[in-house]
Amino acid sequence: MTAKSATAATRATTHGHPRQGRNRELKKAVEGYWKGAVTADALLATAADLRRENWQQLADAGIEEVPTGDFSLYDHVLDTTVAVGAIPARHRAAVDADPLDGYFAMARGTQEVAPLEMTKWFDTNYHYLVPELGPETVFGANPAKQVAELREAVALGHTARPVLVGPITYLLLAKPAPGVAEDFQPLTLLDRLLPVYAALLADLRAAGAVWVQLDEPALVQDRTPAELNAAARAYRDLGALADRPKLLVASYFDRLGEALPVLAKAPVDGLALDFTGPAAANLDALAAVGGLPGKRLVAGVVDGRNIWINDLQKSLATLATLLGLAGRVDVAPSCSLLHVPLDAAAERDLDPQIARWLAFARQKAGETALLARALREGTDAITAELAANRADLASRAASSITRDPAVRARTAAVTEADTRRAQPYPQRAEAQRARLGLPLLPTTTIGSFPQTTELRLARADLTAGRTDEATYRSRMEAEVREVIAYQEKAGLDVLVHGEPERNDMVQYFAEQLTGYLATRHGWVQSYGTRYVRPPVLAGDISRPHPMTVDWFRYAQELTDRPVKGMLTGPVTMLAWSFVRDDQPVAVTAFQVALALRDEVTDLEAAGAAVVQVDEPALRETLPLRAADRPAYLDWATGSFRLATSGVRADTQIHTHMCYAEFGAIMTAIDDLDADVISLEATRSHMEVAGELAEAGYPREVGPGVWDIHSPRVPSTEEAVSLLRAGLAAIPAERLWVNPDCGLKTRGWPETRASLESLVAAARRLREELAG
């Protein structure tokens, strides 16, 4: 490729950047504000500093057009709710009294008012706050945040492009507000919402925006003709506005399919498309519709969701084809870099050769700029970089880290019989009830108990060498004793050891399995101020030694009540890691499942009557296109069964899922063949219980009655009300009582009070049912 073959205007850009700061300064400032230790002015000043730092880092990397509006104190969909004035009625007074406190009340709730529902952002591990809309919703433009951040960037000398969630995606992500009929379709509010977007666009233009990006990732999913017609109408109307900036409509995470011709024909000025993974199909589809003559194409050729270095030569080949399909081609990551850590250069503990295989947000920005340079100046301008890239790719492919013959042989030998329990569920249920002797509506928790500051400091001291292993273990054992004693006193029926020794439900196991790499600074936002460090799945997986058996055995010796063995399932181990991209993901899942199978059978041998294998990521990893789902669900449920099918009939297998839309995977939930499943149900008002009943789910269910992602302490009456709703769908003989999720993010005072409400509710209903 020579410079003459590229459009002169080619430049590098990006959809968004990690928000947290190099040391998670945003998390600390927001949580400090919640505690009253940080003022509102100080919080907003920290946020401004982080935005300024982000923009400068992008500019230094060679990004010539930076995004604005992508930065959020909690969630960008919630920011859109504020921007369009769709404040739920129960939060309006709080927002009117103090917009910042009202904003956080919508996100987290208060003791008096419930928060917005939270669920997964498409098939990522990011969570967004679900808009609540109804026939009475009145929208109104509030451009303050978007305008202010645009002006900040422009004042600092950057070329900036505001980014907003588009109107179609916003409405398709929304749910009927409480009290609104369940069959209400938020998309019917489109004509009411479009004038608000028009006003926002006019305000941004007045503030200096040349381009504005409207994100429409919902259009990469299967859409009805009515939904596609709504998209066509929306962008016909917005494109026809006289007082507007240039419009860039963006999609990502998958192929656009039938929505591509709709957007290609729309009177907008450009499209931003993903060309990585399954979205690579956008290339041929774009050619089939005649390209984008005279329009801008922002080509997402750098994977914004994984952490492996880009194959520069492959990306350049894609870009070379795209040059003939649009009036101007710019280069970008496939989506916002929100989904990857900030800087791989900070990982100084990794082998330098391995580190060269990794690209976090800063490195991806650099790759994007390098590809844009090659389009402008020709590939001769980056000869050295291309050679280094080829060498790094070859190093990874040839490394002994990536291939273990013994693991591959064991995986290849798996049979269908290995993925099935030896006894049918009714026979297992009878044996388990006889062994466990649990009361009606048995109570339990999901696994973790509060990770206090003292526990985190103890772990940090061990990591830093300030304490020895024996001292650390003694501290953790003391915590286990306290947790077991508390649960016995509270009256819980099936106990957990509390997981004080676990830094994270995936990382803890990854650090004990071969094939995984752990990072020190690879933080990624999951929701709000919750950040995780996904491990890097780099090679073949095996379990050198038991990982949880000693902790289970210690806890079980402290009580006569059953203690659950607690593991993270194979799908979640993959979904919450940065998974290898050099072999089919199904192969990797079965490798992880075999390692977990060894752990499950060792727990059983140590006396565990109940083993919980959590799979909260089963729904979030569901492919966005229906055509891709059967193959995924086949290996996903198969890997879970492979991990859990080696036990006796009287060993009860639990699983757990949270914060997802479960309706699309009801058949898969059944196919897991778990004896008990616990699920999030509080924010969705026990909706999942009805869905399970409608699907004819035959096993035991624990729909959550305490929203642990909110500081609210539920009353006994609230828990009773939710359980009554659950009992309307699930027979009492098959209903468990538990929180929505683990308790690691909660404090002890609210944990004690909430579990007391939960246990009291179960006891009250037992008495009613017995009477």
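## A look around a predicted model

Thr 14 sits in the segment before α1 (25–35); helices (H or I, at least four residues) and strands (E, at least two) are DSSP runs, numbered from the N terminus. This is a predicted model, where local features need pLDDT of at least 70 and side-chain atom pairs count only at pLDDT 80 or more, while totals for chains, interfaces and linings use all residues. Residues are numbered from 1 along each chain as its sequence is written, and side-chain values use heavy atoms, with hydrogens and water left out.

Back to Thr 14: it counts as buried because its relative accessibility is 1%. Buried here means under 20% relative accessible area, with exposed over 50% and partly exposed in between (1.4 Å probe, protein chains only). Not counting residues up to four places away in sequence, Thr 14 touches Leu 58, Ile 63, Glu 65, Pro 67, Arg 161, Ala 332, Pro 333 and Leu 337; contact means heavy atoms within 4.5 Å. Val 331 is 317 residues away from Thr 14 along the chain, yet their C-alpha atoms are separated by 8.1 Å.

Val 331 turns up again with Val 301, a residue of strand β10 (residues 292–302). Leaving aside neighbours within four places in sequence, the contacts of Val 301 include Phe 275, Thr 276, Val 331, Ala 332 and Leu 371. Ala 332 is also one of the residues that Thr 14 touches. Val 301 has 6% relative accessibility, so it counts as buried. From Val 301 to Asp 123, 178 residues apart along the chain, the C-alpha separation is 19 Å.

Now for some backbone oddities. Most residues other than glycine have a negative phi. Phe 253 and Leu 441 have positive values instead, and here they are with their settings:

| Residue | Phi | Loop | Relative accessibility |
|---|---|---|---|
| Phe 253 | near 85° | between β8 (246–250) and α10 (259–265) | 5%, buried |
| Leu 441 | about 50° | between α17 (425–436) and α18 (453–464) | 0%, buried |

Towards the end of the chain comes α29 (residues 748–770), a helix of 23 residues. From first C-alpha to last, α29 reaches 33 Å, close to the 33 Å expected at 1.5 Å a residue; that expected span is 1.5 Å times one less than the number of residues. Among the buried residues of α29 are Trp 748, Glu 750, Leu 755, Leu 758, Leu 765 and Arg 766. What do the buried residues of α29 pack against? Their partners are α19 (469–490) and α28 (716–727).

Zooming out, the protein has 29 helices and 20 strands. Its C-alpha trace spans about 75 × 60 × 50 Å along the principal axes. The radius of gyration is 26 Å, which agrees with the value near 28 Å for a compact globule of 771 residues; it is taken over C-alpha atoms, and the globule rule is 2.2 Å times the number of residues to the power 0.38. Of the 771 residues, 62% are buried. Among contacts with a separation of 6 or more, 80% involve residues 24 or more positions apart.

As for the surface, the accessible area comes to about 27,600 Å², with 53% belonging to carbon and sulfur atoms; areas come from the Shrake-Rupley method with a 1.4 Å probe, and for residues only the protein chains shown count as cover. The side chains include 81 positive and 100 negative ones, and the centres of the two sets lie 2 Å apart. Lys and Arg count as positive and Asp and Glu as negative, with His and the chain ends not counted; each charge is placed at NZ of Lys, CZ of Arg, CG of Asp or CD of Glu.
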